[in-house]
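Visitor: Please take a close look at a single part of this structure and tell me how that part sits in the chain around it.

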Amino acid sequence: VSTTTAQFVSIPAAVFNKLNADSGDSYLLRFTADLTPPAAVCGVAGTLASAGNGWKIFLWASGKLALVVSAGGVSLPYDTTIDGLVAPGVEHHYSVFVDGANKKIYAWIDSTPLTFGQSFAGVIHTGLKCRIGGDTDTRGLTGKWRALRYVNCNGMSLGDVMDLVEYLNLSAEV
């Protein structure tokens, strides 16, 4: 829990790389945050390096979010939310489910899907840490973070993961 504004939260590579979507592993990354939209587009969470493979939720100055995925060096089309969704002083729940077994990715803002079942082929695992709150170790996003979860979802159905996301969202409200 960060009760004051912070930047650069991350899951170290030694922990994050215990699950590898390229090898068929599935995982859920989920957290609650009160974010201040940046002056220019900036990463909220993810593994996408400046060039290469991975995924990342991006936030624009307008308060719009998008999930960007690059697999095997191919940038996939991405869906965005409406402008003004993210505003200072308003908490949202952010969830990303990478289904390595079926090569699909899902993302939710609160209980609303951002990307639902986007297929990917090729390499998506980067071997890097999972950054939360910035693109790099020197470019960060201002926010308050809590209830961070990194969950092994191997063997779970999409329905099971959706139930888990809803449960975590509800439990974060108390």
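Guide: For the charge count used below, Lys and Arg are positive and Asp and Glu are negative, while His and the chain ends are left out. By that count the chain has 12 positive and 14 negative charges, and the mean positions of the two groups lie 7 Å apart. The model is a predicted one.

The part to look at is strand 3, but the chain comes before the strand. The chain contains 2 helices and 11 strands. Read from the N terminus, the order of elements is β-α-β-β-β-β-β-β-β-β-β-β-α. The C-alpha atoms occupy a box of roughly 40 × 35 × 30 Å along the principal axes. A compact globule of 174 residues would have a radius of gyration near 16 Å, and the chain has 15 Å, so the two agree. Contacts can be sorted by how far apart the residues are in sequence: of those between residues at least 6 apart, 63% join residues at least 24 apart.

Now the sheet. An open sheet is formed by 6 strands in the order 1-10-3-4-5-6, with antiparallel pairing. Its edge strands are strand 1 (9–11) and strand 6 (74–75), each of which pairs on one side only. In the sheet order, strand 3 stands between strand 10 and strand 4. Strands of a sheet pair through backbone hydrogen bonds, in either a parallel or an antiparallel way.

Take the side of strand 4 to begin with. Strand 3 covers residues 42–46 and strand 4 covers residues 54–59; the two run antiparallel and are joined by 4 bridges. Two positions of strand 3 show the pattern. C42 is opposite L59 of strand 4, and G43 has F58 of strand 4 as its bridge partner.

On the side of strand 10, residues 130–132, there are 2 bridges to strand 3, and these strands also run antiparallel. Here A45 of strand 3 has I132 of strand 10 as its bridge partner.

The last point is cover. Buried means under 20% relative accessible area. Of the residues of strand 3, 5 of 5 are buried, while for the chain of 174 residues the buried share is 45%. The chain as a whole exposes about 7800 Å², and carbon and sulfur atoms supply 55% of that area.

To put the part together: strand 3 is joined to strand 4 by 4 bridges and to strand 10 by 2 bridges, and strand 3 is mostly covered.

Conventions. Residues numbered from 1 in each chain as written. Predicted model: local features only at pLDDT ≥ 70, side-chain atom pairs only at ≥ 80, totals over all residues. Heavy atoms only, no water. Pairing = 2+ DSSP bridges. Rg over C-alpha atoms; globule rule 2.2 N^0.38 Å. Buried < 20%, exposed > 50% of the residue type's maximum accessible area, 1.4 Å probe, protein only. Contact = heavy atoms within 4.5 Å. Areas by Shrake-Rupley, 256 points an atom, 1.4 Å probe, with all protein chains shown as cover. Charge placed at Lys NZ, Arg CZ, Asp CG, Glu CD.
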